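User: Could you go through this structure with me and explain how the labels used for it are earned?

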Amino acid sequence: MAHSYTLSAFGLKLIKAYEGYRPVATRLVTGQDVIGYGHKVRAGDLDFVSKEQANSILMDDLAPYVAMVNEQVHAPLNQSQF
């Protein structure tokens, strides 16, 4: 592993502010249905999510990207670049 960074509280806050919280599935202008903080709705997903559930789903959605950056980026990074 090249790095062992995690998403900072500020980074999480930034993503949440950009995505916005949607307690029920909402169709975007692109035609994609999303719920929570930008989670793409799939068959079997909940019809309603609380902010706590949405946060958990967001962290699960972000986990593969955090791992990918840590494993694949070998250039020096600081937390804000991560």
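Analyst: What follows takes a few labels in turn and sets each value beside its rule. This is a predicted model, in which local features need pLDDT of at least 70 and side-chain atom pairs count only at pLDDT 80 or more, while totals for chains, interfaces and linings use all residues. Residues are numbered from 1 along each chain as its sequence is written, and side-chain values use heavy atoms, with hydrogens and water left out.

User: Why is H3 called buried?

Analyst: Buried means under 20% relative accessible area, exposed over 50%, and partly exposed in between, using a 1.4 Å probe and protein chains only. H3 has a relative accessible area of 13%, so the residue is called buried.

User: What makes the pair of Y21 and Y37 tilted?

Analyst: Rings of Phe, Tyr and Trp (its six-membered ring) pair if their centres lie within 6.5 Å, and planes under 30 degrees apart count as stacked, over 60 as edge-to-face and the rest as tilted. By this rule the count comes to two aromatic pairs. In one of them, Y21 and Y37 are 5.7 Å apart centre to centre with 45° between the planes, and therefore the pair is tilted.

User: Why are Y21 and Y37 described by opposite words, buried or partly exposed?

Analyst: Y21 has 26% relative accessibility, so Y21 counts as partly exposed, whereas Y37, at 11% relative accessibility, counts as buried.
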